[in-house]
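I opened a fresh page for this one. My plan is to jot down what I look up, step by step.

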Amino acid sequence: MVHVIETNQLTKSFGGLTAVDKLDITVESGEIFGFLGPNGAGKTTTINMLCTILKPTGGSAKVNGFDIVREAMQVRRSIGIVFQDPSIDDRLTGRENLYMHANLYGVPTSQQKDRIDKILKLVELEDRADDLMRTYSGGMRRRLELGRGLIHYPKVLFLDEPTVGLDPQTRDHIWTYIKELKEAHDITVVLTTHYMDEADRLSDRIGIIDHGKLVALDSPQKLKDTLEGDVITIKAAKIDELTALLSEKLGLTQSRIVDGTLEITVRGGQSLMPKVMEAATHSNFLVDSIQLREPNLEDVFLHYTGKNIRADGGKELHGFAAIQRRKIR
Amino acid sequence: MTELRGFYTLWLREVKRYLRDRTRIVSSFVQPALWLVVFGAGIGAALRGGFQIAGVNYQTLIFPGIVAQTLLFTAMFMGISVIWDREFGFLKEILVAPVSRFTLFLGKMIGDSTDALIQGVIVFAIALALGISFTFTAFLECLPLMLLITIGLVSLGLIIASFMGSLESFGAIQSFINLPLFFLSGALFPIAGTNTPQWLQVVARVNPLTYGVDALKTVILGAPYAPLQIQPLWVDIGIVGAFDLLMIAIGTWSFSKMK
């Protein structure tokens, strides 16, 4: 099997800060590969290097068999990119943006109209195609950008935080589109996200990245399976003391407190629940609620990074705040 | 072929955006009209008997200068506007395209120059309405001349923009580039006049726009301007052309550095 993307000790430092640290990953043809990590983990920097926007300071990488430094033009021609921030000309219509893209990527003139019509249909923007894009909603712009990234028939589509700042319903729609587009065009998709549910729903494989390093790489299910167990969540008063008690009495050391709720990773949660309750009541702890659930990616993430990923980094900003945010990045 | 298509599509974008911006087109009539009508007529009347060229009134005398001013202000504004493209994210889409940076620069630059050229033609229309006399041949000769002047100025704007991080320094461009270039170009008074201070003559001769204005005056005003001419027409064209090439070279370089 040919690897669509292959990195070899890929590294990027900005001054003293190492944003991406000796990254080794391979992405297989036809899969959706999810890069999961908190803000500032190095996801966008990695994507930017693979898209030839940034030059690595160490190591190397190949995309579609082309070296990202020496054969940057060939890499560019063979990939599609949807950036984290909008990158459309809102003074042009949707259709004009697509034509411009087709011309920039050398799509033969004779095929342009046909391809653009098809893409517009796919992202359900046919009836708005000739309106100026400044009249589009955030979700519509995103859809157009997704479609635009496909006009030159790329082999790999890079999506950098494709649903950041969108409302839940629109996010759900975009996920459906991404899956459909992938099937319809038989492409490989690489996406970055800090949304656990997004990574879980979309990805065939997930690479968890933290402090520029790859800490885990597998399918969402296998990653969850590696935790070997269930999660008991407990709401109670004096949570710290309860944590200490359970650790001491029942040997439940795999615990952490998230937003005042105690989460413990255990094996055989069903039979442990009564024991936990018993231990708690015996020592006069007042338990408000206790729940048993399957581990999710959040738990996987916690397990590997010791940190809680919060979906708060992608706040939707408008106007100058948005401009400021772009500058920071 | 891909490069050519890339160039065309970028050019088309600039022109479309310009033609769609109705407020800008309407306002583009106002500024030159104010200069020609109010400033031209007012100062012209005040100067009567003082500074004059045989058979040419002041309004007509500054007309080529106002054309140059319009080109300058539009070109700089359009060039700087690449910062907007960055702020609104569109620049990324162009920068990652499989098209050389030279083509990107050229497409954007010639597109903006086309817009500035249209603005210049509008000034001719205003002049016609005001009864300022110029021959049709002069107008036709001015078209390539205006393009030549604009290219260097748009390039300069693009260069400045590529080094400028944000729009905050936008106002400084007006104070430190536009107005000095305009006032020191001989647009409003003759550089080679007998009473022009020596230092002003020297400084103006360092300003590339001076030669653009000189060329426009030579073509529009004709024979009466001959005594005040700074350089023969072909020397003017040579200097402006050399400035253009220099700016294009620096511009391409600065675009290749842009991220």
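**Entry 1: a pair across the two chains.** I started with Glu96(A), which forms a salt bridge with Arg20(B). The closest N and O atoms of Glu96(A) and Arg20(B) are 2.5 Å apart. A note to self: this is a predicted model, so every value here is computed from it. As a reminder of the basics, side chains of opposite charge can pair when their charged atoms come close.

**Entry 2: the rest of that interface.** How many salt bridges are there between chain B and chain A? I get a count of five. I also looked up polar contacts across the interface of chain B and chain A, and the rule finds ten residue pairs, both residues being at pLDDT 80 or more. Next I asked which helices of chain B supply at least two residues each to the side that touches chain A. Those are helix 1 (2-20) and helix 5 (90-95). Helix 1 of chain B gives the largest share of that side, with nine residues. Sorting the side of chain B that touches chain A by class, I wrote down ten charged, eight nonpolar and six polar residues.

For the extent of the interface, I noted 24 residues of chain B in contact with 31 residues of chain A. Chain B and chain A bury about 2,600 Å² between them, and 56% of that is on carbon and sulfur atoms.

**Entry 3: a network.** Then I went to Lys108(B) and Asp85(B), whose side chains meet in a salt bridge at 3.1 Å, N to O. Where do the two sit in chain B? Lys108(B) lies in helix 6 (residues 101-130) and Asp85(B) in helix 4 (residues 82-87), so the pair ties together parts that are 23 residues apart in sequence. Are Lys108(B) and Asp85(B) buried or exposed? I found both of them buried. Following shared partners, I see salt bridges join Lys108(B), Asp85(B), Arg17(B), Glu14(B), Arg13(B) and Asp89(A) into one network.

**Entry 4: two pairs in chain A.** Over all chains I have 30 salt bridges in the structure, and I picked out two more to check. Arg70(A) and Asp67(A) meet through their side chains in a salt bridge of 3.3 Å, N to O. Arg70(A) has a relative accessible area of 67%, over the 50% cut-off, so I log it as exposed. Asp67(A) has 7%, under the 20% cut-off, so it goes down as buried.

The other pair is Asp299(A) with Arg293(A), a salt bridge with the closest N and O atoms 2.7 Å apart. Asp299(A) counts as buried at 2% relative accessibility. Arg293(A), with a relative accessible area of 26%, is partly exposed.

**Entry 5: chain B as a whole.** What are the elements of chain B? I count eleven helices and zero strands. The radius of gyration of chain B is 19 Å, close to the 18 Å that the globule rule gives for 259 residues, so chain B is as compact as a globular protein of that length. Along the principal axes, the C-alpha atoms of chain B fill a box of roughly 60 × 35 × 35 Å. I have 55% of the 259 residues of chain B down as buried. Last lookup: among contacts in chain B between residues at least 6 apart in sequence, 79% join residues at least 24 apart.

Key. Residues are numbered from 1 along each chain as its sequence is written. Chains are lettered from A and ligands numbered from 1 in the order in which they are written. This is a predicted model: local features need pLDDT of at least 70, side-chain atom pairs count only at pLDDT 80 or more; totals for chains, interfaces and linings use all residues. Side-chain values use heavy atoms; hydrogens and water are left out. Contact means heavy atoms within 4.5 Å. Buried area is the accessible area (1.4 Å probe) that two parts lose on being put together, summed over both. A salt bridge is a side-chain nitrogen of Lys or Arg within 4 Å of a carboxyl oxygen of Asp or Glu. A polar contact is a pair of N or O atoms within 3.5 Å; within protein, one must be able to donate a hydrogen and the other to accept it, and residues adjacent in sequence count only if both atoms are side-chain atoms. Helices (H or I, at least four residues) and strands (E, at least two) are DSSP runs, numbered from the N terminus. Ala, Val, Leu, Ile, Met, Phe, Trp, Tyr, Cys and Pro count as nonpolar, Asp, Glu, Lys and Arg as charged, and the others, Gly among them, as polar. The radius of gyration is taken over C-alpha atoms; the globule rule is 2.2 Å times the number of residues to the power 0.38. Buried means under 20% relative accessible area, exposed over 50%, partly exposed in between (1.4 Å probe, protein chains only).
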